[in-house]
Amino acid sequence: MSTDSRTTAKAAHPPLAAARAGAPLTALLWGGGLLLLLASAAVAVTIGPARISVPDVWSTVAAHLGFGASDLSPIRDGIIWNLRMPRTLLAAVCGAGLAVCGTVMQSLLRNPLADPFVLGVSSGASTGAVVVVVLGVGGGAVSLSAGAFVGALLSFALVLLLSHTLGGSTDRVVLSGVAAMQLFSALTSFVVMTSADAEQTRGVLFWLLGSLSGVGWSEVALCSAVLAVCLVVCLAHARTLDAFAFGQDAAAALGVNVARTRLVLLCATALLTAALVSAAGAIGFVGLVLPHAARALTGSGHRRLLPVTALAGAIFLVWVDTLARTVLDPQEVPVGVVTALIGVPAFILVLYRTRSAS
């Protein structure tokens, strides 16, 4: 093949050429991110009052997975396997899930300031949790997590109903989410102020700010399963999300069923957010900031962007949770407080970049 022919073929397939050129960088980001996540989780488990080493962590994990036996005492084994490991893994799952939801929301709604809570899911989850804890709905048979999950789904159903009634455009979805957020926030405040005692109010407020304390393997398994399903759904729609970057009309011209795609992806992100919030409370700014950081590394192609964003969110929240539980030891800081302290300056930077680009 002549030089001119090769040049013509390359110009005729620019996406393919770009994909091949970016493949080594993508493999490096995925491989390096995965190794960094594993190392971060192992080191995070060792940090705390009890003296534990990384080899102790690997030995305990291997023993519980059936690979050999651990020579650690039952107390130290319990600290690693029953206390710190579930918390660290749930932090990673929550960070990955919130970051993925933020990426999808920002692309789907074409709003760089959108995050997983823009649909009012967090506010609905908060109301559901408060109703169970403070009012005792369910007579003890319904847990805080179950109440939060039901409240999140009810809030999202309200958003879908409102947005569909108002025409279903992206701005109507956002406005419906804001309305639902305000409604359920007001309901939460009303229930707490009129029915909760001081101890209940303190516990509820701590959970509302985000808390990973006291979580177990059941929460890790549930949230991991929901994350896996939703991530597969989002990756299956990666090319569609790329098309949405040019607007709804352009996506429709490319053969995308805009209404169906938006409904599927909004339901997936709402379900994932509901599961994460029901397990860990409202942790803000992860889904707002991490997608922008990942785009700076991978570009806007969602087939590469979504996995890198998930890894970045997981690593970020593992270390945020480690900081939250140790910086004021023995007192614990809500995870949402730490993410807000880190996220607000980053949010301001995003605002300035958005303003400069407009």
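**Helices, cores and salt bridges in a predicted model**

Asp321 is found in helix H14, and this residue makes a good starting point for a walk through the structure, which is a predicted model. With a relative accessible area of 1%, Asp321 counts as buried, because buried here means under 20%. Leaving aside residues up to four places away in sequence, Asp321 touches Arg87, Ala91, Leu212 and Val335. The helix that carries Asp321 spans residues 302-326, a run of 25 residues. From its first C-alpha to its last, H14 reaches 36 Å, close to the 36 Å expected at 1.5 Å a residue. H14 is also mostly covered, with 18 of its 25 residues buried.

One of the contacts of Asp321, Arg87, leads on to the charged pairs. Side chains of opposite charge can pair when their charged atoms come close. Across the whole structure, a search finds 4 salt bridges. In one of them, the side chains of Arg87 and Glu332 meet at 2.9 Å, N to O. This pair links distant parts of the chain, 245 residues apart: Arg87 belongs to helix H4, while Glu332 sits in the loop between H14 and helix H15 (335-357). Arg87 has 9% relative accessibility and so counts as buried.

Another salt bridge joins the side chains of Asp56 and Arg76, with an N to O distance of 3.8 Å. Here too the pair links distant parts of the chain, with Asp56 in helix H3 and Arg76 in helix H4, 20 residues apart. The two partners can be told apart by their cover: Asp56 is buried at a relative accessible area of 18%, whereas Arg76, at 29%, is partly exposed. A further pair is formed by Arg172 and Asp171, whose closest N and O atoms are 2.9 Å apart. Both ends of this bridge are partly exposed, Arg172 at 31% relative accessibility and Asp171 at 38%. Salt bridges that share partners also join Arg87, Asp321 and Glu332 into one network, which brings the account back to the buried Asp321 of helix H14.

The nonpolar interior comes next. The largest nonpolar core has 78 residues, and those with the most contacts inside it are Leu90 and Leu119. Helix H4 (residues 74-108) gives the most to this core, with 13 residues. A second, separate core of 9 residues includes Ile52, Val57, Leu72 and Trp81. What does Leu119 touch, not counting residues up to four places away in sequence? Its partners are Met105, Ser155, Phe156, Val159, Val173, Gly177 and Leu266.

Two of these partners, Val159 and Met105, point the way to a pair of buried hydroxyl-bearing residues, Ser176 and Thr269. Ser176 lies in helix H7 (residues 170-195) and is buried, with 2% relative accessibility. Beyond its neighbours within four places in sequence, Ser176 is in contact with Val159, Leu162, Ser163 and Leu166. Thr269 lies in helix H12 (residues 258-280) and is buried at a relative accessible area of 3%. With neighbours within four places again set aside, Thr269 is in contact with Cys101, Val104 and Met105. Thr269 and Leu98 are 171 residues apart in sequence, yet their C-alpha atoms are 8.7 Å apart in space.

Nonpolar residues also appear on the outside of the model. Leu34, Leu35, Leu38 and Trp58 form a nonpolar patch on the surface, and together they have about 430 Å² of accessible area. Helix H2 (residues 14-46) gives the most to the patch, with 3 residues. An α-helix has 3.6 residues a turn, so residues three or four places apart point the same way. Trp58, in turn, is found in helix H3 (residues 54-64). Is Trp58 buried, partly exposed or exposed? Its relative accessible area of 46% makes Trp58 partly exposed, because that class lies between under 20% for buried and over 50% for exposed. Helix H3 thus carries both Trp58 of the surface patch and Asp56, whose side chain meets that of Arg76 in a salt bridge.

Note on methods: Residues are numbered from 1 along each chain as its sequence is written. This is a predicted model: local features need pLDDT of at least 70, side-chain atom pairs count only at pLDDT 80 or more; totals for chains, interfaces and linings use all residues. Side-chain values use heavy atoms; hydrogens and water are left out. Helices (H or I, at least four residues) and strands (E, at least two) are DSSP runs, numbered from the N terminus. The expected span of a helix is 1.5 Å times one less than its number of residues. Buried means under 20% relative accessible area, exposed over 50%, partly exposed in between (1.4 Å probe, protein chains only). Patches are made of residues with over 30% relative accessible area and no salt bridge: like charges are joined within 9 Å, nonpolar side chains (Val, Leu, Ile, Met, Phe, Trp, Tyr) within 5 Å. Accessible areas come from the Shrake-Rupley method with a 1.4 Å probe; for residues, only the protein chains shown count as cover. A nonpolar core is a set of buried Ala, Val, Leu, Ile, Met, Phe, Trp, Tyr and Cys residues joined through side-chain atoms within 4.5 Å. Contact means heavy atoms within 4.5 Å.
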